[in-house]
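Please walk through this structure with the model open alongside the text. The order is the internal cavity, two buried strand residues, the hairpins, the cysteines and the unusual backbone geometry.

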Amino acid sequence: MRLSQMIHAVDAHACGEPGRVIVGGVLDVPGKTMFEKMTYLRDHGDDLRKRMLREPRGYPAMCCNLILPPTDPRADAGFVIMEPAEYPPMSGTNTICVTTVLIETGMVQVREPVTDLTLETPAGLVKVRADVAGGKVTRVTFENVPAFAVHLDAEIEVPQIGTVRVDVAYGGMFYVIANARTLDLRLTPDEGRDIVRIGEMIKAASREQLKAVHPENPGISGVTIAQLSAEPASRGDVTRNAVVVSTGQLDWKNPSSWTGVLDRSPCGTGTCAKMATLYAKKRLALNEEFEHEGILGTRFTGRLIRETRVGDHPAVVPTLSGRAWITGFAQYVVDPTDPFPDGFTVGDLWGMQTDDR
């Protein structure tokens with residue numbers, strides 16, 4: 001049997017969000033930094049993302065991570081994050097999945113009851129603290145890159161909806177955040193279709209009308225993900241949210257292209273972006289615990305630990321805690337006679353797709 005391009009992967013999920021972790025089959029990727037490696041994959045090696053995330057090996061709600069040797073001597077490991085329609089610089093759920101896989105498969109030195117790691121992401125270095133008992137990771141807490149708001153209570157015009165007031169913030173990628181109640185949404189699983197459609201429309205409108213560029217890395221720009229937030233009745237209550245991950249390119253003239261999937265978890269970088277907006281509005285203090293609940297009822301716990309600056313933006317450094325579980329081990333291959341070596345997308349799930357993304 002002639003097979004090629006064998007990839008060794010560990011499948012996991014963080015509070016419901018699937019995060020496949022590639023642990024073998026790719027030796028390294030050109031680039032002096034993890035951001036450069038991410039850019040190289042995006043521009044010259046995108047077949048890997050397509051093969052691992054598109055059907056028949058993947059599906060729209062899945063993420064994938066490629067573990068690589070770090071370029072920074074302070075880091076224990078590096079990784080690049082791949083999603084159905086983009087390469088995010090940072091992801092909370094994927095950081096939790098990668099940490100769990102590194103520890104539970106013995107790829108890093110493990111200490112109990114706590115293993116401390118430094119991971120190199122395309123967004124920068126991330127310090128991780130993992131609680132470990134009997135070889136199992138029971139909790140992962142990481143100190144994220146600085147989060148900051150770029151627009152607060154900005155009004156955008158969304159076709160077929162009208163004027164919508166939104167925040168835009170960076171938590172590892174740029175989020176547009178809208179109040180779900182003003183859109184008549186309760187953020188329950190039965191509203192999934194409406195949440196995705198409305199979230200994609202708000203994201204597209206914000207990309208057109210609101211500028212968002214990382215002041216220290218212009219290669220990170222534009223709103224790429226939408227979060228609908230059910231504001232709590234009082235301070236300190238659990239905040240419910242739903243994050244919409246795009247699966248294709250949105251076309252205003254084609255409603256069938258308004259497709260995406262719900263993040264199954266409470267969303268790690270989305271939680272950090274939300275905390276940054278709350279801090280800017282003086283509704284969340286430093287070292288105040290923030291409980292964020294996702295569409296499945298699972299929760300992440302966030303905390304802002306100090307102030308900083310990113311360019312001209314006041315910023316905060318968040319921590320986030322959650323847990324992941326390994327679900328399987330697999331070897332993925334390409335048969336030379338396979339008509340779909342890089343997978344495929346079909347409009348019933350994926351919406352519009354372009355050849356290069």
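**The cavity and its lining**

The largest cavity holds about 80 Å³ of space. Its lining is made up of 15 residues, and those closest to the centre are E83, S91, T93, D263 and C267. The model is a predicted one, and the cavity count in it, taking those of 30 Å³ or more, is one.

Which helices supply at least two residues each to the lining of the largest cavity? They are α3, spanning 92–104, and α5, spanning 268–280. Of the contributors, α3 gives the most, with three residues. By character, the lining of the largest cavity has six nonpolar, six polar and three charged residues.

One of the residues closest to the cavity centre, C267, sits in the loop between β13 (260–262) and α5. C267 is not a glycine, yet its phi is positive, about 70 degrees. Is C267 buried or exposed? C267 counts as buried because its relative accessibility is 3%, and the cut-off for buried is under 20%.

**Two buried strand residues**

Strand β1 covers residues 4–14 and contains I7. With a relative accessible area of 3%, I7 is buried. What does I7 contact, once neighbours within four places in sequence are left aside? The contacts are I22, G24, G25, V26, L48, R51, M52, A330, Q331 and Y332. As for G294, it is 287 residues from I7 along the chain, and the two C-alpha atoms are separated by 31 Å.

V244 belongs to strand β12, residues 239–246. Its relative accessibility is 1%, so V244 counts as buried. Leaving out residues up to four places away in sequence, V244 touches I195, V196, G199, E200, I225, A226, G260, V261 and L262. V244 and C15 are 229 residues apart in sequence, and their C-alpha atoms are 16 Å apart in space.

**Successive hairpins**

Strands β14 (residues 290–293) and β15 (residues 299–310) pair in the antiparallel sense, over four bridges. In this pairing F290 has G302 of β15 as its bridge partner. The two strands form a hairpin with five residues between them, and G297 in the turn has a positive phi of about 90 degrees.

β15 also pairs with strand β16 (residues 313–322), again in the antiparallel sense, here over nine bridges. L304 has P318 of β16 as its bridge partner. How many residues lie between β15 and β16 in the hairpin they form? There are two, and G311 in that turn has a positive phi of about 60 degrees.

**Cysteines without disulfides**

The disulfide count is zero. C64 is in no disulfide, and the nearest cysteine sulfur, that of C63, is 8.8 Å away. With a relative accessible area of 0%, C64 is buried.

Why does C272 form no bond with the closest cysteine? The closest cysteine sulfur, in C267, is 8.8 Å from that of C272, which is too far for a bond, because a disulfide needs the two sulfur atoms within 2.5 Å. C272 is also buried, at 0% relative accessibility.

**Backbone features in the loops**

A cis peptide bond joins E55 and P56, with omega about 10 degrees. P56 lies in the loop between α2 (47–53) and β3 (63–68). The peptide bond from E112 to P113 is cis as well, with omega near 10 degrees. P113 is in the loop between α3 and β5 (114–121).

N287 is a residue other than glycine with a positive phi, near 65 degrees. Where is N287 placed? N287 is in the loop between α5 and β14. N287 counts as partly exposed because its relative accessibility is 47%, and partly exposed residues fall between the cut-offs of 20% and 50%. C267, described above with the cavity, also has a positive phi without being a glycine, but C267 counts as buried.

How values were computed
Residues numbered from 1 in each chain as written. Predicted model: local features only at pLDDT ≥ 70, side-chain atom pairs only at ≥ 80, totals over all residues. Heavy atoms only, no water. 1 Å grid on protein atoms, 1.4 Å probe; cavity = no way out; pocket = protein on both sides within 12 Å on 5 of 7 lines; lining within 4 Å. Points joined across faces, edges and corners; volume = space filled by probe spheres on them. Nonpolar A, V, L, I, M, F, W, Y, C, P; charged D, E, K, R; others polar. Buried < 20%, exposed > 50% of the residue type's maximum accessible area, 1.4 Å probe, protein only. Contact = heavy atoms within 4.5 Å. Pairing = 2+ DSSP bridges.
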